[in-house]
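Subject: The structure I promised you

Hi,

Here is the structure I said I would pass on to you. Please open it next to this email and look up each residue as you read.

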Amino acid sequence: MSENVERITSWLKTFAQTRVNFRLQNDRRCIQPHVILELGRQGIFAIQIEKQYGGLGLSHYESCKVIEQLGGIDLTIASMVGQNNMGIRPIVNFGSQQLRDEFLPVLATGQMLTSFAMTEPQAGSHIQGITSTIKKTAENKYLLNAQKMWIGMGSWCGVTCVIAKHSGEQQIPNSMTACIVRNGTPGFSVGEEQLSIGMRGSVQNHMLFRDVVVPDSDIVGKVEEGYIIANDIMQFTRLGVAAMSLGAMKRCLVYTIRYASRRKINTGLLIDNTATKMKINACRAKISAVESLVYTTCELLQQSIIIPEIHMVAKITGTEFLGDVVDDALQLLGGRGYSENNLLAYFFVDARALRIFEGPSETLLYYCGQLMKLRSRRTKVFAHLKATDLKSYLEELDSVLQSSSLGSDENFACSARGKMTCWLVLLATLRLSNITRVLPEYSLTEAWILNRIETQMQQLRLEAYNNLLREVDTQEILNSFANVDIEQVIPDEECDMDRLLRRKI
Ligand SMILES: Cc1cc2nc3c(=O)[nH]c(=O)nc-3n(C[C@H](O)[C@H](O)[C@H](O)COP(=O)(O)OP(=O)(O)OC[C@H]3O[C@@H](n4cnc5c(N)ncnc54)[C@H](O)[C@@H]3O)c2cc1C
């Protein structure tokens with residue numbers, strides 16, 4: 001690890017221990033101002049901004065080390081840094097000289113925060129379904145009309161990067177364009193905050209853009225290449241989310257080990273109980289697998305090799321495994337896991353969001369499986385991971401699917417292939433990591449992954465599995481459970497200013 005990264009991670013640890021009150025952050029529903037100011041001063045918002053603009057200019061490997069540390073401290077703060085970076089990255093990688101000069105110095109220090117606005121009420125995981133539009137109306141001018149929701153940092157940011165469908169004359173069918181919009185631009189308003197069960201210290205808002213005039217100079221990258229920009233952001237963010245999940249998993253396991261080593265239960269020490277050992281070993285394997293995957297992906301990025309399937313696998317497995325590990329930790333700590341004082345509860349609710357944003361697991365499994373249907377993609381993925389032998393598992397999966405009715409269901413087949421790809425990519429990256437650095441937990445992790453592969457194959461061979469594919473009888477369920485179909489109509493709290501005090505009645 002570079003000296004710079006060691007300095008930052010050790011500063012973060014001390015800062016978290018002495019200056020951040022996580023309970024207050026949660027109760028007050030706000031990250032404390034000094035936290036944002038200090039993170040800005042230390043350059044945490046600028047990990048990938050070049051040094052000439054006041055950034056740290058860290059490599060992918062170094063950036064992931066910092067993000068991992070943030071994840072081990074607090075997922076709300078880590079996600080806030082990540083969401084801010086989603087607005088910074090398009091300016092760093094695609095912004096004109098003018099945009100870079102204007103924004104990067106203030107964004108690097110955290111004097112200004114930013115956001116990335118993609119999700120809309122009618123389209124979240126299905127990005128192509130967005131209906132906001134950007135249209136050329138005059139020489140050097142565009143008109144943006146968009147309604148966005150769930151935009152992290154929405155009401156805190158000074159500038160936002162918006163993705164909209166390109167309307168009017170198009171070179172590329174169904175294309176998108178990215179632009180930046182400053183706070184205070186006529187026609188742009190930040191809407192209600194969307195309160196969430198976790199990430200309570202941070203904000204997500206609705207955003208409305210009504211006939212917003214966007215000058216040519218505020219278009220990010222090339223017109224109609226918004227999807228490329230969105231993809232670039234998503235690739236890096238997916239890896240970042242995996243890195244923060246890794247840090248959080250490690251923290252959960254530290255608490256679990258400490259408690260289990262000290263706590264006596266009816267069979268003796270909790271840690272000596274076989275059920276506990278099995279859980280802890282599975283957690284260890286999950287951490288080791290994700291760690292190998294995250295840092296192997298960084299090495300590939302360093303060689304400018306971007307394999308979307310690998311980034312999807314990182315996001316899926318990082319967040320799903322974190323869900324398992326934090327749940328196991330909470331359970332093994334008994335009542336202490338459920339206590340607010342011990343902070344695990346915050347990891348528990350915050351971790352839940354990670355499986356949803358930046359592509360929910362199911363969506364990514366589907367896309368990953370769809371790509372891996374192509375032999376050319378399989379060859380490419382496994383060639384880069386130096387694991388061409390693993391392709392045979394996908395061939396076996398294909399033949400199991402073909403021999404049952406499951407294979408004819410395209411959704412199911414893609415998801416199953418996506419899931420198998422997850423295990424295989426984890427296996428390949430684990431093996432690669434073990435070459436450069438002997439991993440003490442290698443055999444445990446390899447055996448665990450092989451067991452997952454075998455389990456998935458066996459499950460697909462079970463005829464009973466077919467039952468789950470039948471049509472859902474929605475009416476039967478709604479009728480049978482009508483007694484618990486409760487829809488609240490209680491009045492909400494009043495928060496508008498009294499009309500008698502307003503300028504106009
Ligand atoms: C805390 C938080 C912060 C966020 N921050 C941002 C932000 O900064 N910027 C931004 O643009 N957005 C942001 N989002 C939005 C987020 O990216 C979306 O919520 C997410 O993409 C899912 O979209 P959706 O909520 O519309 O769910 P939907 O698209 O309605 O999905 C519903 C369900 O369908 C499932 N599904 C979808 N496709 C498939 C498939 N092929 N097979 C099986 N199941 C499938 C999904 O897994 C999900 O379970 C944020 C969300 C949250 C919760």
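Which of the 18 residues around the ligand come nearest? They are F116, T119, S125, W150 and E362. Before you look at them, please keep in mind that this is a predicted model.

**The ligand**

Start with S125, where a polar side-chain atom lies 2.6 Å from an oxygen atom of the ligand. At W150 the polar atom belongs to the backbone, and it is 2.9 Å from a nitrogen atom of the ligand. The backbone of G152 also takes part, with a polar atom 3.0 Å from an oxygen atom of the ligand. On its own the ligand has 990 Å² of accessible area, and the protein covers 68% of this.

**Strand β1**

F116, which you met beside the ligand, sits in strand β1, residues 114-117. In a regular strand, side chains alternate between the two faces of the sheet. You can follow this in β1: T114 and F116 point one way, while S115 and A117 point the other way. All of these residues are buried. Strand β1 runs parallel to β4 (residues 159-167), and four bridges join the two. If you would like one bridge to find on screen, take A117, whose partner in β4 is V162.

**The nonpolar cores**

Next, colour the nonpolar residues. The largest nonpolar core has 129 residues, and the ones with the most contacts inside it are L12, L39, I77, M80, L144, F209 and I449. M80 is a good place to zoom in: leaving aside its neighbours within four places in sequence, M80 is in contact with I31, I36, L39, F45, M153, W156 and S202. Another core, of 28 residues, lies apart from the largest one, and L104, I127, M176 and I229 are among its members.

**Helix α12 and N26**

Helix α12 covers residues 361-371, and its buried residues are S361, T363, L364, L365, C368 and G369. These buried residues pack against three helices: α7 (226-262), α9 (308-332) and α15 (410-436).

In helix α2 (residues 22-27) you will find N26. Is N26 buried or exposed? With a relative accessible area of 13%, N26 counts as buried, because the cut-off for buried is under 20%. Not counting residues up to four places away in sequence, N26 touches R200, E340 and Y346.

**Two backbone angles to check**

Most residues other than glycine have a negative phi. M199 is not a glycine, yet it has a positive phi of about 50°. M199 is in the loop between β6 (188-193) and β7 (204-215), and it is buried, with a relative accessible area of 5%. D211 also has a positive phi of about 50° although it is not a glycine. D211 is found in strand β7 and is partly exposed, with a relative accessible area of 45%.

**After the last helix on my list**

Finally, go to the segment after α17 (474-480), where R502 lies. R502 is partly exposed, with a relative accessible area of 38%. Its contacts, not counting residues up to four places away in sequence, are with D496 and M497.

Have fun looking around, and write back with any questions.

Best wishes

Note on methods
Residues numbered from 1 in each chain as written. Predicted model: local features only at pLDDT ≥ 70, side-chain atom pairs only at ≥ 80, totals over all residues. Heavy atoms only, no water. Buried < 20%, exposed > 50% of the residue type's maximum accessible area, 1.4 Å probe, protein only. Pairing = 2+ DSSP bridges. Core = buried A, V, L, I, M, F, W, Y, C linked by side-chain atoms within 4.5 Å. Contact = heavy atoms within 4.5 Å. Near = heavy atom within 4 Å. Polar contact = N/O pair within 3.5 Å; in protein donor to acceptor, adjacent residues only side chain to side chain. Areas by Shrake-Rupley, 256 points an atom, 1.4 Å probe, with all protein chains shown as cover.
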